[in-house]
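The following exercises lead the reader through a two-part model, each with a worked solution. Please view the sequence and the structure before starting.

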Amino acid sequence: MKQKLLTILVLFAVGITSALAQSKTITGKVTGADDGLTLPGVSVKVQGTSMGTQTNAEGKFTVNVPATAKALIFSYLGYASQTVAIGSRTVIDVKLNPDTKALAEVVVVGYQTIKRSDVVGALSTVDGKDLEAKPLASFTQLLQGAATGLQVTAANGRPGSNAVIRLRGQGSITAGSDPLIVVDGIQITTAAYNGLNPDDIENVSVLKDAQATAIYGSRGSNGVIIVTTKTGKANAPSLRYSFRFGKTQRQDFNNVRLMTSAEKLQYEYDAQYTNPTLDSMITNRGYVVTPPFPGAPGSKINFITPAQRQTIWDLAISRGAGDWSKYLFQNATMRTHEISLSGGADKLTYYLSGDINDNPGVERFSEFNRKGGRLNVTYQVKDWFKVGTNIGVTSSHEQRVRDAYNTQNSQGALFFFNPYEQPYNADGSYNLTAQGFSPLEGAVNNPTLYDRVNQFGTFYGEAHFLNHLTLKSQYALNYNTLAYQSYLEPGSNLAGILGYNQKNDQNNTDYFYSWTNTANWVQTIDNKHTFNALIGTEYDKDHVYNSSLTGRGFPSKDFTTLDNAATPTTATTSITEFSLISYFASLSYDFDKRYFINVSGRRDGSSRFGANVRFANFGAIGLAWDIKNEKFLTLPNWVSELKLRGSYGTAGNNTIPEYTPYGTYSVTTKYNDQTALIPSKLSNPNLTWETGYTKDAGLTYGFLDGRITGELDWYNRVNKNLLYPVNVSQTTGFTSYTGNIGAVQNQGIELAINGAVIRKKDLKWNVSFSYSHNDNKITQLYSDNAAGQAAYGITKLVVGQPINVYFLMREKGVDPADGQEVYYNIDGTETKTYAGSQAVVLSGKSPIVKYFGTIGTDVSYKGFDFDARFYYSGGNWIFNVVDQDATSSGDVSTNLLSYAANYWKKPGDVVPFPRVLDPATGKPDTKQATEFFTDKYLQKGDYVTLRDVTLGYTVPGKYTKRLGIANIRVFAQGTNLATWTKFHGNPETGDAGETTTANGTLYQYGYPPIKGYTFGIDVRF
Amino acid sequence: MKKILYTAALASVLVAGCSKSDLDLYPYNQVATEQAFNSQQLVQFDINGMYQGLRASGSYAVGTWNIIADVLSDNLVLDQVGRQSLKTYYQYTYSSNSTYGLFTGGYTVTRRANAILENIDKLPDGTFKNDARGQALALRAMLYFDMARVYSKTYLNASASDFTLPYVTTSSATNVPPSESLQGFYGKVIADLVAAEPLINPIATNTNIYLNREAVAGLLSRVYLYKGDYANCIAEANKALGTTPNLPNIATFPSIWTDATNAGVLFKVKNTSLDNINSPGVNYYQFTTRPTPTSTQNGYKSEYLPDFSFYQLYAATDVRKSAYFQTNYYNGTLYNHIIKYAGRSGPPELGIGIPNPSVSSANPAGVVDGKLLRTAEVLLNRMEAEYRSGAIPAAVADLVLLKSNRYTGYDPTADNLLTGAPLLNEILKQRRLELAFEGDRFWDLKRLNLPVQRDATHGEAADGSGVPPNVATLPAGDNRFNLPYPQSEINFNPGIKQNPGY
């Protein structure tokens, strides 16, 4: 009824303006030219007027037109617009042709949506159609390979883990090198993005140059990723159900393997070491150990007969675990159910979805389960006023096995527990092994649980006036809670070691909200001059509240809440806050779709900086020239698109901890259980923004009627006033304070080529190639004292070198004459003595990736589709701590890599590892058995991986429609099925152990990367 | 038009809704540095902060200090089964990349003392102010002296051209001090302690978990002994010990190590069960459990075990033998585990497979206070100073006093006759036995310019089998007696001269 009233009102208004003009009624039906299906929601406009309507659910329309009307314009997203002359007809049926490029026509940029053809900056998009074809397990997987210049490295294989995301190289040195991620208008933390259901995502825009990111001001210097979730279409309801079933497993080590029991026992014997497990076996068997015992030094195994030794060894081998990975890892079964309903009536659109995802980890006893739901609604309250909301809620449950450099970490346990040790005793109890610990017992009895609820909510109202002006006010929030429980259960081995059982419960709530108001004026004059002006304000506030409670003395492990603890031990809470006030504006103008210019600016004030330098301004200018549309140049016909872009501008980085500029004393510590005040940090009232200055030049091209398309970009980004700890002399009682230390430059090129080799109705074949090259270089350091970031001081910040260039003593190799390691002094002379003072900067060798990209192909034939994508990456160096630990005779008590046996045994041996025994004493050579930090363990991180292969089949509609099903698709996907590398281990580990501070610097014992298969079915009704 | 006006009005309200003051956010758990000394109570908290620093440093009182001087010397042998912790120290393969943490840890705490000294005049004159100043001066001097013992030659083995680390007395963050003359450094340590002595409250007021007048005197006796100033050593020892030295007897001696008594402890760093730092115990072993007691009971899994020959020096009648060691199986082999720091409840197990009923969650394993100065050490300082200054009867009397409180059924007849080298050797032996695993032996060898001579033919097991030390000796005066400064500081501060050999 209301709709009719409004229609009457509109008609009445129209009637007045058109005076007493005659009118007639036209009806008709709109269908798709490709499949003949009716199209609901098509806009039908009378040319030259503002009159019009939309098609209904059956694709039919009725419109009153004045007698003077000449033509109707039909337009629909995804289809080419059509203008149809009216003539004397009163019934007009139209077939719209799909426009393959049309969906890409609209892109989301900072605070607004613009036409793809009007884009001035460097940006890449992943949109709905690309996303639909490919099953995605996570947001991280969605981003991988999504854009040139975007480097996404899975932190590790833990389900639910974050990724290391770098856009156009590493611009900052501190942790804040991640790009800003904005979901439906609100920035989200890296911890929250894995709460997103990738199937809820409509499109993703990756903003790369300053023209695109300047509008995000203080947060944009490392790029911006804008995620928009799905909305319903004015359409009949569409119901979709999908089910996925997958298997994942741990990726094997590349190029190396662990020793077998027999190899390890032989190595131990040669190194004069006896595991106490064997010692007790010797004692139990009553073997006579000669030279006479007691009082004899040396390992018992060296003093029994060879036959006895072999008996002991055989026994140990037969009892032992052999391959510990059988006990520590598993083939994990992943299951996902998902259902969504979307559609709309003439004033209302909706998208409703829910998903359940069970994802056990490849480490036994680890799992990540997620349940989520989303509701996106828009409602056209008045013809000039629209409101909408996007709400997503996700809850997840995670159990982790400890991930640190110790025996409780599964990947570490592979090395720390010898293959001849048994996992369980004969009576079924856990074998505590010679290490005094069982990793299996630890994982079961010392569980760590994370329960999270992530909520993303956006509420907005949008008013449209005067044909050109849109006002929008949006309140968005990201509310995350985490309940953390870590239990040292009564009766667990560790509780016995520590002398107490204990449970720690933590709660964390992070309430971030953002209030954005924008006004946008878009007008085209004389069909030649288009203006797009945007002004806006934004206020962000973050409030984080933590509590932590600990209690001891639980009566049994069945009691898991702290009210059962005999002794409460600690209770703390803490609060941190952050706020940001911003004003921004952007003005775009284009002349005749040939010349484009955009100017944007932003003023930000942040609570993280000192009062004197709290506010800062950022801005950018971008220019573009659409050569194809140029009048005075006539490009040959085989050029279908050619556009030149260039931009220059600034953006900032404020990702440093809260309250950094203040010099403070902290009150949180105690002495004798009484308050203690201790200096917390040095003040730096001059602490200011890190600012990125980016130059970008780019070319968008299309040839042969769009058969070959792509982009080529060059950029140069200099981040100045890098935020980083500034060293002070350690004699001051501090090692550093947060300051601005210098500048780093990232310069690179990005190339994307897409080719449509075959473009027939039934057979399509596309190939794609992308290449990103980035040179990272520190161009300025205000003082020469900046430290490297990695542990052990093995990296440095040096002008002219990439960030964290390695700083190590060089190793020549093992002297074939005497089996000792030979090193180089700084001056190049050889020495057999390691000295940290002889470390040199290894020019150009840094953990930073220099090039990466994808090679992909997809083929579709009738209902079948096939897609394969390789990912390659290289130019970086990784310090391989695992190699260092597991090839050295320094600690023989743990397992080693098999090739460690390739050590020097006699003069003339040309081998990688030094002698184990000192010939002078006949005893282990301690000098050679030390794990010094030299470039011996520095390895190239280059690799190529078969990232994913997907084979799908869509059952033709003519069969399914009878069942009332619009569409059924089945698919199988393999991820990371093969990797080619020379690295020892797994080169693709963004964070190879949670003790690492500099990503990619050290390869340690983190959660292993995974590979797997997924099978799935999608059904649409 | 009206709706535009409404919207515009609303929009401007929204924009004005946030003001610049919304950016003024301050931490909830910190105070500005300038405000940290404004009252007596705050200064008391600052004083607590100094001692908290001593506890928090992983390289000091409640960290590895109780083992490092033994790992480096001839008191310990590596347990092959252990976690191989501190192995670079055991094998003398430390480099400027991996250094002992007391350099950074020490200056972190002396900086706290310096800030108190710089701000103390904000308080009115009086006892509190004097005591606060005295504690800051004494704590700074104590720590600097221990740092110099780690990184530098000792006074008697150094010349005027030898350098040590800088004696920093400012809290300035821009200070980049150079190395300091070792002899001058000793002078500053002594000056601070001497200045502190009359200001600081006695132990009766301050208790032994804060520095106190007796502890300052005891520290001075230590410094004077290293300096070779025996008269002052004796004088200060007398002040510390009083006329009747509080030397726990055989019955109470074991209680020192479970914190059940304060007797004989002049200064210790408090480590409460809530602080829960189990390093004192864990430095030596981890305790593992197995449900059924058998002859191969898993128990202490040691990191280090006593050197075979050294262990034989403990007589069966020596209370220190049972207080410091427990002979027990691990995985079928018998070891002499070091249980000096087992925790406030004592060893978790009293014997093979006998659970200790007093173990409770209130007293976590390995968590005990960090003893930094005991009357026994002061007495040992005094008897050595007496010997070296020719006061043989006094030295013998002190020796007898100590031994009568350590050996059951002790007969002083033989010791009363000691003189010359045998007397000195007995004094030094008692020092080694008494202060074993307490942060003394390696520095003492350095002071006496003696080599490290480990038992090269015996391993870690109780019967001497096992793996003997791969490095059995460190010659007297070897450069590795002086640990390297961190390379990162050398890189930053070229004024610091690295010790030779690194």
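Two strands pair if DSSP finds at least two bridges between them. Helices (H or I, at least four residues) and strands (E, at least two) are DSSP runs, numbered from the N terminus. The model is a predicted one, in which local features need pLDDT of at least 70 and side-chain atom pairs count only at pLDDT 80 or more, while totals for chains, interfaces and linings use all residues. Residues are numbered from 1 along each chain as its sequence is written, and chains are lettered from A and ligands numbered from 1 in the order in which they are written.

**Exercise 1. Strand β10 of chain A**

Task: Determine which strand is joined to β10(A), and in what sense the two run.

Solution. Step one: four bridges connect β10(A) with strand β15 (residues 201–207) of chain A, and the two run antiparallel. Step two: within this pair, A:Thr125 lies opposite A:Ser205 of β15(A). Step three: consider the faces of β10 (residues 123–126). A residue is buried if 20 or more other C-beta atoms lie within 10 Å of its own, exposed if 12 or fewer, and partly exposed in between, with C-beta atoms placed from the backbone. On one side A:Leu123 and A:Thr125 are buried, and on the other A:Ser124 and A:Val126 are buried, which leaves both faces of the strand covered.

**Exercise 2. An open sheet**

Task: State the strand order of the open sheet of three strands in chain A, and identify the strands at its edges.

Solution. Step one: the order is β38-β39-β43, with antiparallel pairing. Step two: β38 (795–796) and β43 (840–841) of chain A each have a single partner strand, so one side of each is left without a neighbour in the sheet. Step three: strand β39 (residues 805–808) of chain A is paired with β43(A) over two bridges, and A:Leu808 has A:Val840 as its bridge partner there.

**Exercise 3. The two chains as wholes**

Task: Describe the make-up and dimensions of each chain.

Solution. Step one: chain A contains 13 helices and 54 strands, whereas chain B contains 20 helices and 15 strands. Step two: compare each chain with the globule rule (2.2 Å times the number of residues to the power 0.38, with the radius of gyration taken over C-alpha atoms). For chain B the radius of gyration is 26 Å, close to the 23 Å that the rule gives for 502 residues, so chain B is as compact as a globular protein of that length. Chain A has 33 Å, in agreement with a value near 31 Å for a compact globule of 1021 residues. Step three: along the principal axes, the C-alpha trace spans about 125 × 65 × 65 Å in chain A and about 110 × 60 × 45 Å in chain B. Step four: 47% of the residues of chain A are buried, and 55% of those of chain B.

**Exercise 4. Where the chains meet**

Task: Find how many residues of each chain are in contact with the other chain.

Solution. Step one: two residues are in contact if their C-beta atoms, placed from the backbone, lie within 7 Å. Step two: by this criterion 94 residues of chain A touch 94 residues of chain B. Step three: on the chain A side, the largest share, nine residues, belongs to strand β26 (residues 567–591). Step four: strand β30 (residues 664–671) of chain A pairs with strand β1 (residues 30–32) of chain B, antiparallel over three bridges; in this pair A:Ser666 has B:Gln30 as its bridge partner.

**Exercise 5. The nonpolar cores**

Task: Identify which helix gives the most residues to the largest nonpolar core.

Solution. Step one: a nonpolar core is a set of buried Ala, Val, Leu, Ile, Met, Phe, Trp, Tyr and Cys residues joined through C-beta atoms within 7 Å. Step two: the largest has 143 residues, and those touching the most other members include B:Val71, B:Ala138 and B:Leu219. Step three: helix α6 (residues 127–151) of chain B gives the most, 13 residues. Step four: a second, separate core of 66 residues has A:Met259 and A:Phe933 among its members.

**Exercise 6. Confidence**

Task: State the mean pLDDT of chain A and of chain B.

Solution. Step one: pLDDT is the predictor's confidence in each residue, from 0 to 100. Step two: the mean is 83 for chain A and 88 for chain B. Step three: the model scores ipTM 0.87 and pTM 0.82.
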